[in-house]
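Subject: Structure handover

Hi,

Here is the structure I promised to pass on to you. Have a look at it first, and then read on for my notes.

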Amino acid sequence: MDVLAEQRDYYRHRAPEYDQWWQRQGRYALDPEAERGWFADIDEAEQALAAFAPAGDVLEYAAGTGWWTERLTRHARHITAVDANTETLDLNRRRTAGTGKVTYLTADIFAWTPPESTFDTVFFAYWLSHVPESLLSTFWAHVRRALRPGGRVFLIDSYHHERLAGDLQQRHLNDGRQFQVIKRYWQPAELESTPGWRLKARVTTHRQAIHAHGTPI
Ligand SMILES: C[S@@+](CC[C@H](N)C(=O)[O-])C[C@H]1O[C@@H](n2cnc3c(N)ncnc32)[C@H](O)[C@@H]1O
């Protein structure tokens, strides 16, 4: 199986246990100090998103179980939440359908072309690090295509001080099944050098996350 298919498959099987990672439960538990840092950094990213104010129509790539979709509903008029897996979107729907603001779309981001000039914001959390180098420029071109004039992008991702060999990472599920995924860790200066974009990037205080926002040039 190619790594992009394996990555989709991994998140499909991981859907029911995915939020244990956000909540630092089970095998994702941290010692008390690290846990405080984790939640403080998520809070910091959330505050940065609130300050950015993703109003209007939002396209959320790789929306997953809706941890951020729910936060987007506090600002946006409407969100189009795209993900490859119905399993993750079903959980997202449970979390956010009550707001009446979300359209759920099952699609492979690498095979789907977004509608042109439709969105005020394109948002993606913990997704850019899963985009392989060879597809980066196509991905960013699609983000640009999706935005209305004056539109903006906001992204959040995991932070690590260096890249992994081959941008590949071995993952496993609670039951031990193994999968390989792309994991390309970004530094602020690298993000800010994204061709065709004016981005401002920041690592959170406890160095658990990186977020960036900006506009096409
Ligand atoms: C790390 S999770 C991030 C989910 C969510 N944004 C969050 O922050 O909790 C990555 C998500 O990407 C989705 N995904 C993986 N490959 C995909 C692809 N080719 N197209 C669309 N979604 C994909 C997975 O189903 C998963 O929900």
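Let me start with the overall dimensions. The chain has 217 residues, for which a compact globule would have a radius of gyration near 17 Å; the value here is 16 Å, so the two agree. Please keep in mind that this is a predicted model. Along the principal axes, the C-alpha atoms fill a box of roughly 45 × 40 × 35 Å. The chain holds 7 helices and 9 strands, and 33% of its 217 residues count as buried. Taking the contacts with a separation of 6 or more, 62% join residues that are 24 or more positions apart.

**Helix α1**

The helix I would look at first is α1, residues 3–14. Its 12 residues reach 16 Å from first C-alpha to last, close to the 16 Å expected at 1.5 Å a residue. Its buried residues are Q7, R8, Y10, Y11 and R14. Seen down the axis of α1, these buried residues fall within an arc of 155 degrees, so they line one face of the helix. In general, an α-helix has 3.6 residues a turn, so residues three or four places apart point the same way. As for what covers the buried residues of α1, the list includes α2 (18–22), α5 (86–96), β6 (168–172) and β7 (178–182).

**Helix α5**

In α5, the buried residues are T88, L89, N92 and T96. They cover an arc of only 95 degrees around the axis, which puts them on the same side of α5. Their packing partners are α1, α2, α4, β2 (78–83) and β3 (102–106).

**Around the ligand**

Which residues come nearest to the ligand? Of the 21 residues around it, they are Y11, A62, G64, A84 and A125. Y11 is also one of the buried residues of α1. That helix gives the largest share of the shell, 4 residues, and both α1 and α4 (67–72) supply at least two residues each. Sorted by class, the shell has 12 nonpolar, 6 polar and 3 charged residues.

**A buried strand residue and a helix residue to compare**

V82 sits in strand β2. With 21 C-beta neighbours inside 10 Å, and 20 being enough to count as buried, V82 is buried. Leaving out residues up to four places away in sequence, V82 touches E60, Y61, A63, L105, A107, I109 and W112. A62 is 20 residues from V82 along the chain, and their C-alpha atoms are separated by 5.6 Å. A62 is also among the residues that come nearest to the ligand.

R71 belongs to helix α4. It has 18 other C-beta atoms within 10 Å and is therefore partly exposed. Its contacts, apart from neighbours within four places in sequence, are with E46 and L49. Between R71 and Q23, which are 48 residues apart along the chain, the C-alpha separation is 15 Å.

**An exposed position**

Is D43, in helix α3 (residues 32–52), buried or exposed? D43 has 12 C-beta neighbours inside 10 Å, so it counts as exposed. Its C-alpha atom is 24 Å from that of E190, with the two positions 147 residues apart in sequence.

**Two backbone angles to check**

Most residues other than glycine have a negative phi. R24, which is not a glycine, has a positive phi of about 55 degrees. R24 lies in the loop between α2 and α3 and has 15 C-beta neighbours inside 10 Å, so it counts as partly exposed.

Y126 is also not a glycine, and its phi is likewise positive, at about 55 degrees. The loop that holds Y126 runs between β4 (119–125) and α6 (136–146). With 17 other C-beta atoms within 10 Å, Y126 is partly exposed.

That is what I have for now. Happy reading, and do write back with any questions.

Best wishes

Note on methods: Residues numbered from 1 in each chain as written. Predicted model: local features only at pLDDT ≥ 70, side-chain atom pairs only at ≥ 80, totals over all residues. Rg over C-alpha atoms; globule rule 2.2 N^0.38 Å. Contact = placed C-beta atoms within 7 Å. Expected span 1.5 Å × (residues − 1). Arc of directions from axis to C-beta. Near = placed C-beta within 6 Å. Nonpolar A, V, L, I, M, F, W, Y, C, P; charged D, E, K, R; others polar.
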